[in-house]
Every structure is written in C-alpha cells, then in structure tokens.
There are 2 protein chains.
Amino acid sequence: MPRIVRFYKTGGPEVLCLEEAAPETPAAGEVRLKIEAIGINNSEAQYRRGVYPMKTTSFPTRLGREASGVVEAVGAGVTGVMVGDKVSTIPAFDIERHGVYGEWAVVPAIALAKVPNKLSRVEAAAVFQQYLTVYGPFVEYTDLTAGDTVVIVAAASSVGRGAIQVARMLGCTVVATTRSPSKRDILLEGGAQHVVVSGTDDVVATVNKITDGRGARLIFDPVAGPGLADLVEAAAPGGIIFEYGQLSGEPTPYPLVTCLRKGLSIRGYTLWEITLNPDRCARAKAWIYAALEAGSLRPAIDRIFPLDRIVDAHRYIESGKQTGKIVVTAT
Amino acid sequence: MPRIVRFYKTGGPEVLCLEEAAPETPAAGEVRLKIEAIGINNSEAQYRRGVYPMKTTSFPTRLGREASGVVEAVGAGVTGVMVGDKVSTIPAFDIERHGVYGEWAVVPAIALAKVPNKLSRVEAAAVFQQYLTVYGPFVEYTDLTAGDTVVIVAAASSVGRGAIQVARMLGCTVVATTRSPSKRDILLEGGAQHVVVSGTDDVVATVNKITDGRGARLIFDPVAGPGLADLVEAAAPGGIIFEYGQLSGEPTPYPLVTCLRKGLSIRGYTLWEITLNPDRCARAKAWIYAALEAGSLRPAIDRIFPLDRIVDAHRYIESGKQTGKIVVTAT
C-alpha cells in the first residue's frame with residue numbers, strides 16, 4: 001500500500017504522519033500522479049503550524065504543492081496529458097484536497113507542466129514555486145534591462161536564489177542580502193556580484209557605490225517591517241519594491257517622503273497572481289521552460305531527504321540554515 | 001514702475017510684500033512675461049511658511065509658478081515663442097529665481113505652453129498645476145478605461161476637481177471624498193457621481209456597493225497617514241494608490257497583508273516627474289491642450305483676487321474653504 005503524509009492537528013514538524021493510503025481515483029479534470037520528488041516550502045511549514053493566512057478547515061489534511069512525478073490515471077475531460085507523462089506540479093490548487101506530500105497525489109490537470117528532460121526528478125520538483133514567484137516581478141511586471149541593479153533581500157532562500165539567476169540572465173547587477181555571514185560565499189557562487197550581510201554591511205552605501213548614486217531599479221523583499229526604510233533609500237528614482245512576504249512580523253512604516261521624492265512604487269505580490277491567471281501562467285511556463293532548456297536557470301538544491309524523514313525536512317526548513325531548495329524523494 | 005511680490009522672511013500671509021521693481025532682461029533661454037493672472041497653490045503657502053521640502057535659500061525671494069501672460073522680451077537662443085504671444089507657465093522651474101507673483105516675471109522658455117483661445121486669461125492661469133498633476137496617474141501611468149471606478153481623496157482642491165474632470169472624461173465612475181459636508185454639492189456638480197464625507201460616510205462600503213465588491217482601480221490621495229488603511233480596503237485587486245502629498249502630517253502605516261493579498265501598488269508621485277521630463281511633458285501638454293480645446297476639461301475657478309490683495313489670497317487658500325482654483329489678476 002502506498003504511503004502519504006497527513007496531519008491531524010496543527011503544530012511542530014512532529015505532527016506530520018506518514019501513513020498507508022489507497023490511491024484515489026481522479027475526478028473530472030484531475031489526474032493522479034505517482035510522486036517522485038517533492039519540493040518543501042516555508043509556506044507549508046506555516047500552514048502546518050496554523051499561522052498561514054489560509055487555515056486548515058478539516059483534519060486529517062494533506063500538505064504540499066510542488067512535486068515531480070508520472071501520470072498514473074486521468075479523469076474525465078482531461079486533454080493534453082496522458083498516462084506515463086513525466087510532469088511537475090504548479091502551485092495553483094487547494095492544498096488540503098490536492099496535497100502532494102506522499103507517494104501519490106490527485107491534482108488538477110491544469111496545474112501540471114513539463115520541464116526539460118535534462119533536469120533530474122529532484123530538480124523537477126524544485127522549479128515552479130521559485131521561478132513562478134520570481135517571474136512576476138522580474139519578467140511580467142517590469143522591463144528590466146542589462147545594466148540595471150537589483151537588490152534581492154533574504155537571498156539564500158530558494159526563491160532568492162532563483163531571483164539571482166533570473167536577474168543575472170537578464171544582465172542585471174545583483175546585490176543579495178542575508179542575515180548569515182556564512183551564506184556569503186554560496187550567494188557569490190550562485191551569481192550575486194555583491195553580498196550585504198544585514199547588521200554588518202550597509203545596503204544603501206553598497207548600492208550607491210555600485211550605481212554611482214543612482215540606486216536600484218528593482219528590490220525584491222520577503223521581509224517587510226522596519227527594514228523597508230533602508231530599501232527605499234537604496235531604490236533609484238522611479239524604482240519599484242516588490243513586497244512578497246512578511247518574515248519580519250513587525251509593523252511596516254510607509255516611508256512617505258522618500259516615496260514622494262523618488263516616485264517609488266511599493267507593490268504587494270504573491271505568486272497566485274501568476275498561477276491563478278491562465279494567460280500569465282501560460283506565459284510564465286513557456287518562459288521558464290525555455291530558460292531551463294537553454295541552461296540559463298537551474299534549481300539550486302540544498303539538501304535531499306527521503307520521504308520517511310519528512311519530519312526532519314520540516315525541522316530543517318524551519319532552522320533557516322538552507323541555502324536553496326529542500327527536496328524530499330518519494331521513490 | 002511695475003510691481004512684484006517678494007518676501008523677506010518666512011511666516012504668515014502678511015510677509016508677502018507688493019513692491020515696485022524694474023523689469024529684468026531675460027538671459028539666454030529665458031523670456032519676460034507681462035503677467036495677466038496668477039494661479040495660487042498650496043505648495044506656495046507652504047514655501048512661504050518655510051515648511052515645504054525645498055527651502056528658501058536667500059531673501060528677498062519671489063514666489064509662484066503658475067501664470068498666464070504675454071511675452072514682452074525674449075532672451076538669446078529662444079525659439080518657438082515670440083514677443084506678443086499669449087502663454088501660460090508650466091510649473092517646472094526654480095521658484096526663487098523665476099517666481100511669477102507680480103506684474104512681470106522672467107521664466108525659462110521651455111516652461112511655457114499655449115492654451116486654447118476659448119479660455120479666459122484667468123482660466124489660463126489655472127491649467128497646468130492641476131492638469132499636469134492629474135495627467136501622470138490618470139493618463140501616463142495607468143490605462144484607465146470606461147467603467148473603472150476611481151477614488152479621489154480631498155477632491156475639493158483644484159487638483160482634486162481637475163482629477164474628477166479627467167476621470168469622467170475617461171469614462172470612469174468617480175467617488176470623491178471631502179471632510180466638509182458643505183462641499184458635497186459642488187463635487188456632485190463638478191462631475192463626481194458619489195461623494196463620501198470623511199467621518200460621516202464609509203468609503204469602503206460606498207466603493208464596495210458601487211463596484212459589487214470589486215473595489216476601485218485607482219485611488220488618488222494627497223493626505224496619506226492612517227487613512228491609507230481604509231483606502232487599501234477600498235482598492236480592487238491589482239489596483240494602484242497614488243500618494244501625492246502629505247496633508248495628514250501623521251505617520252503612514254503600510255498595510256502589508258492587504259497589499260499582499262490584493263497585489264496592490266502604492267506609488268509616490270509628484271508632478272515634477274512630468275514637468276522635468278521633456279518627453280512626458282510634451283505628451284502632457286498636447287493631451288491637456290486637446291482636452292481643453294474639445295471642452296472636455298475646464299478649470300474650476302473658486303475665487304479671484306486682485307494683485308494688491310495677494311495676502312488675502314494666501315489667507316484664503318490656508319483656510320481650506322476653497323472648492324477650486326484661487327486666481328490673482330495682475331492687470
């Protein structure tokens with residue numbers, strides 16, 4: 001009997017249970033996947049703890065939105081995908097009903113995409129959360145050009161490392177920030193030309209020096225809170241700051257005078273804007289596929305756990321020590 | 001001997017002195033105007049008080065950026081404008097050196113524009129501060145379409161009333177806000193379909209009712225401060241809020257969660273983005289001229305003072321009682 005991960009109450013990593021469960025038959029518009037690898041995301045740990053904006057509505061519940069696998073069964077009305085296809089999931093569905101942690105999952109057919117064969121199944125489970133999140137601000141919503149300077153805050157996350165790759169692919173100069181001095185080298189190896197360690201280095205001075213005082217055209221920030229004051233000082237006139245998370249947990253004062261003086265935009269953003277809009281999502285999938293195929297992008301994998309160590313994988317993501325994607329293998 | 005307005009120290013309206021002064025000869029790139037009418041702006045009262053972000057650097061100093069008049073003398077290298085031309089000024093120059101309060105002023109030739117003959121000289125002094133300010137958010141930076149709902153905050157100012165006209169011209173539904181119940185009727189007559197009196201009416205409920213819960217596509221706000229929390233609640237997903245002033249004077253908390261959830265942009269803005277960029281300014285002038293010529297826009301004049309009552313004109317603008325442009329006539 002195949003196994004899936006469920007939890008019966010919110011709490012620490014140990015609430016995750018690996019249990020046998022018979023595979024379900026996909027309904028109309030759905031497919032069942034034999035899961036090969038699962039991408040682990042911070043939002044899933046928040047959901048498990050019950051601190052994510054969307055709450056669990058019934059227990060036991062499944063978890064996980066990002067996986068690679070093989071199509072095992074196809075529901076009525078599904079076109080464009082066949083049994084035996086190798087696919088990855090796009091995080092665009094109800095996590096309770098379609099959670100992918102386990103050896104099988106039933107997901108909507110529209111939430112599938114292919115990745116180039118050159119990627120391993122582990123890498124194929126680490127593509128869409130990061131690159132779809134990055135795609136909106138860096139490709140869909142701005143016209144970054146070679147020579148622009150961008151600041152990527154908390155850059156050692158999988159999304160941050162994906163953002164470094166995308167920005168470099170576009171010819172931008174990347175200033176990456178991190179709280180950990182130990183992550184400096186891996187960010188430099190990952191493509192950042194400059195690394196600012198928060199609390200030690202000065203992001204405003206660094207950006208001003210690099211840009212001859214012009215500032216950064218785009219800033220990509222999952223932290224918010226009081227640190228926004230420094231980010232607007234580092235931004236160029238007419239620049240844009242994408243806020244895509246709330247890691248700070250503290251209130252965020254809006255720096256009105258600097259925003260007026262520089263004509264700055266502060267843009268709240270989540271990847272749902274891309275995944276839930278069919279046109280944007282189709283553009284994003286095509287763009288990401290082409291960039292992976294060309295070798296311009298390649299997911300940075302930090303550590304791989306087997307499925308029976310799912311609790312350890314969650315402990316590790318909550319430690320904040322990772323510098324790329326955490327993947328769990330199911331086969 | 002013609003007279004000009006100068007002040008020798010910052011302070012209340014009474015520091016403004018009307019004194020005789022021989023007309024200066026325009027330098028290269030400049031022209032001298034015989035002033036016919038002068039538009040009075042809040043920013044000039046702030047500058048006179050010494051509370052404007054840009055401070056006076058030497059006394060005595062002149063004041064004023066917006067006027068209509070006739071070209072009296074032309075400096076070297078000036079093309080496209082001749083003695084005898086009727087022109088208006090565009091607020092795009094150093095107020096100390098080129099202030100237009102008075103019977104003559106020397107201004108850069110590039111800061112001149114023509115308005116249709118159908119406008120009076122009083123109206124011609126009330127065009128550019130308001131419509132250039134409105135042009136950026138409503139025309140240059142967004143693609144508003146018929147049926148969109150917009151919220152115009154503090155709408156009884158000259159800029160607010162100009163914004164109502166521009167939004168209606170674009171086919172938008174306008175919700176105008178004001179602190180004064182007595183200004184409700186004039187805003188309705190000025191084109192707003194809905195008026196929200198702050199402290200009495202609920203802007204979020206009003207917008208939700210009008211839009212079937214969708215929210216406002218664009219919000220135009222010179223106030224900032226704690227009121228931004230309500231504005232983001234009234235905004236549609238993907239909407240944009242232009243902050244173009246700091247009338248509140250209180251700190252402005254950034255409503256992170258709502259901005260994330262709705263994908264909202266909060267954009268700091270001043271009209272200098274338009275006036276100091278030659279391409280944008282040329283587009284703006286052409287757009288405004290065409291709309292005035294077509295009769296789609298017409299400046300709303302609140303009250304006219306003669307030049308020897310300049311102190312009263314400043315007292316009046318500081319009273320906040322106006323519902324349109326205050327103009328001072330110089331002839």
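**Exercise 1. Find how far apart the C-alpha centres of domain 1 and domain 2 of chain A lie, and describe the contact of the two domains.**

Solution. The C-alpha centres of domain 1 of chain A and domain 2 of chain A lie 29 Å apart in this predicted model. The bounds, which come from an automatic or database domain assignment, give residues 3-127 + 299-329 to domain 1 and residues 129-272 to domain 2. Next, count the contact, where two residues qualify if their C-beta atoms, placed from the backbone, lie within 7 Å: domain 1 of chain A gives twelve residues and domain 2 of chain A gives eleven. Finally, sort the domain 1 side by class, with Ala, Val, Leu, Ile, Met, Phe, Trp, Tyr, Cys and Pro as nonpolar, Asp, Glu, Lys and Arg as charged, and the others, Gly among them, as polar; this side has six nonpolar, four polar and two charged residues.

Residues are numbered from 1 along each chain as its sequence is written, and chains are lettered from A and ligands numbered from 1 in the order in which they are written. Local features need pLDDT of at least 70 and side-chain atom pairs count only at pLDDT 80 or more, while totals for chains, interfaces and linings use all residues.

**Exercise 2. Determine how helix 4 and helix 11 of chain A pack.**

Solution. Helices (H or I, at least four residues) and strands (E, at least two) are DSSP runs, numbered from the N terminus. Helix 4 (residues 128-140) and helix 11 (residues 278-293) of chain A pack at about 100°, with their axes 10 Å apart; axes are lines fitted to C-alpha atoms, for helices over the stretch in contact, and angles run from 0 to 180 degrees between N-to-C directions. The two helices of chain A are therefore roughly perpendicular, a term for angles of 65 to 115 degrees. Among the contact residues are A:Tyr131 and A:Tyr135 of helix 4 and A:Arg283 and A:Trp287 of helix 11, and the contact divides into seven nonpolar, no polar and three charged residues.

**Exercise 3. Establish how chain A and chain B meet.**

Solution. The contact takes 22 residues from each of chain A and chain B. On the chain B side, the largest share, five residues, comes from helix 9. Strand 13 (residues 265-268) of chain A pairs with strand 13 of chain B in the antiparallel sense over three bridges, where pairing needs at least two DSSP bridges, and A:Ser265 stands opposite B:Arg267. Because 100% of the interface residues of chain B are also interface residues in chain A, the copies meet through the same surface.

Methods:
Angles under 35 degrees count as roughly parallel, over 145 as roughly antiparallel, 65 to 115 as roughly perpendicular and the rest as oblique.
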